[in-house]
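User: I would like a close look at a single part of this model, with the reasoning kept careful and connected.

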Amino acid sequence: MSKPTDLPRPNRSCSGPATRWGARITAIGLVGSLALNAGIPESSAELFRPAPATAAHPVAKPQKPRTTKPKAAETYQERQARIGKSTRSMIAPLSGNKDQETTCVSAEFTTLSVVYDSIIESLLPSLPPQLQAAARENQRAVQSWMKNVHVSTLAVSNHPNTRGTDQDDPQYRTALSQIVVDNLLKIRDGKQNEAIPVANITLSQAVESVWLYVFAGILAPAKFGIAMLPGLGSPFNPPAPAPLNALGSFVTYNTLLTIGFTFGQLGLQYLYQGTSSAILNQCVARVTDEQKELAGKPSETVTFDIPIHPLIQGAANQLALADSDTCRPIGDLTLARIVKRTAESAKSSAPSASVRRQIDAETSKTLRQMKATMVPHNLIPADPADLTSAESIASFAGNMIPYIGGAPLDIALGLGHNIAQGDDLGQLVSLHDLTVTKSLTALHYAYYFSVYLFTTVGGRLVDPIALIPGADPGVATINPIRMIGAVLGLPLTYGLVTFHHLVRTTCFVEDDVSGTGLGAELNKQDPQAHAEAVAKAKKQKGTAAKEGTAKSRSPKTPTTSSAQRQSAPKSGTARTTRTQTSRTAP
């Protein structure tokens, strides 16, 4: 997510305030309109489009659209079956598999050893005969190296779809949050010391791991470094023509560098997402059962000794991969559930009964206060991860517009998203029933807007510090507020977003309907047990729905005086009142 950055100081060499602000407003309008027209071609940004001609005759009323039942999302097992029926693979089949039974698999079961051999065999016919022998010898040497070099399993990232998730399961992830969730699940299962030969690393693991290290080792540090750069000047400063000098404080080399880097990062991200999805949803190679079993398999002789802190081990032992059918994500739980669960954990380690009673008393007090505190939960903007593609593009383009872009625009887009999906902005719920996701989203926007105000307002109040006296305006200057704002924005990239994705993609092991504590992973490890758990979960939901309906239809039983019984509403009125009340419940 883009962070609020300080606006450069105005060029004091401009001709006058009116000229500067007139040119600035014009530039802002042009940039904003072009960005919106490019990013959302079907939106209301129609400044450069002709108005449509008015119809000369009445237009026929459109027919009522037919409502069709949405197609069920593809499950993990359905995806594997579909890929297995493919007749053509992305890479050429190995010559060694010619007379053997093979299966079409995605990148989840295609190892780097298979990919390398296929590439070499495809290139050999194009080499001169005198070089083919050397190429085959080099192929054997590389294969030997890949089998002997081992990598820690904690350094390899796995896409959640390779762990057993269906297409409709929660998959909120960034490169950082994905490796965090993946490693916690490995630690839970006691796999932190495993070592994987490079030859057994799958193509999917390679793509996910490369993107992780590109993001964490190159893109994120480079973005922070650009934010900390001193002023580099502007192409519109003198000796540029005087009418253009007003743009000098708006279009700087720092701004152009930031825009270029942001577009480059966005392009790389889309390239990664497209590649990651493509190789997991189609046949990549035809492999034997033996080759398929080696995919991601750790070494039986080589291990690492990686100590895990007890706090991390304790947290990992409580988590499973969220499943939309069998294991409800932590983000969907209420704050009351978290308070009660925390209290039970504290009581389990309490030294005496008196301490446990004190914990119970404080918990009851906290829950009463939470029930009494009402909040308009739909006034909390939507989580940026839930925005549509058009809204995300608008947020991205808006970051280039001073004052408007950043936190204010993202908040407006989040509220617009709530309105578009029919949420009542005035609906109240208690803190007791507020979800974890809503509370973390509120914290995210509160912190984001605070950093925005600090950077924007502070940047206008504090003059830049010149590093080289007598240099051109805006050249070799640093703005302390802008640099502090860049540091304050780091938790948005590395902290809040990562933690929020963690709670939205994991669940508590005790919430797993299957009883295994595996969540969505059971879909891959034991499909039959997962299918039984799904049926059990649906049965429980149906029973709960029937009980709720029966409860809502039963009339209230008066427990007061006879006068009050005579004035009690009829059952139909009581049902109406309860129905209206239930619409405002979470």
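Is the crossing of H5 and H6 left-handed or right-handed, and which residues make the contact?

Analyst: In this predicted model, the crossing of H5 and H6 is left-handed. The contact is made on the H5 side by Ala175, Leu176, Gln178 and Ile179, and on the H6 side by Glu208, Trp211, Leu212, Phe215 and Ala216. Sorted by character, the residues of this contact comprise seven nonpolar, one polar and one charged.

As for the geometry, H5 spans residues 175-188 and H6 spans residues 203-227, and their axes come within 9 Å of each other while crossing at roughly 125 degrees. Because that angle falls between the range of 65 to 115 degrees that counts as roughly perpendicular and the values over 145 that count as roughly antiparallel, H5 is oblique to H6.

Helix H5 also takes part in a second feature, a cavity. The structure holds two cavities of 30 Å³ or more, and the largest of them encloses about 120 Å³ of space. This largest cavity is lined by 15 residues, of which Pro160, Gln178, Val181, Leu321 and Thr505 are the closest to its centre. H5 supplies the largest share of that lining, with five residues. Gln178 therefore appears in both settings, since this residue of H5 belongs to the contact with H6 and is also among the lining residues closest to the centre of the largest cavity. The lining as a whole divides into six nonpolar, six polar and three charged residues, whereas the contact of H5 with H6 has seven nonpolar, one polar and one charged.

How values were computed
Residues are numbered from 1 along each chain as its sequence is written. This is a predicted model: local features need pLDDT of at least 70, side-chain atom pairs count only at pLDDT 80 or more; totals for chains, interfaces and linings use all residues. Side-chain values use heavy atoms; hydrogens and water are left out. Axes are lines fitted to C-alpha atoms, for helices over the stretch in contact, and angles run from 0 to 180 degrees between N-to-C directions. Helices (H or I, at least four residues) and strands (E, at least two) are DSSP runs, numbered from the N terminus. Angles under 35 degrees count as roughly parallel, over 145 as roughly antiparallel, 65 to 115 as roughly perpendicular and the rest as oblique. A crossing is left-handed if the near helix is turned anticlockwise from the far one by less than a right angle, and right-handed if clockwise. Contact means heavy atoms within 4.5 Å. Ala, Val, Leu, Ile, Met, Phe, Trp, Tyr, Cys and Pro count as nonpolar, Asp, Glu, Lys and Arg as charged, and the others, Gly among them, as polar. On a 1 Å grid over the protein atoms alone, a cavity is a set of points where a 1.4 Å probe fits but cannot get out, and a pocket is an open set with protein on both sides within 12 Å along at least five of seven lines; lining residues have an atom within 4 Å of a point. Grid points are joined across faces, edges and corners, and a volume is the space filled by probe spheres set on the points.
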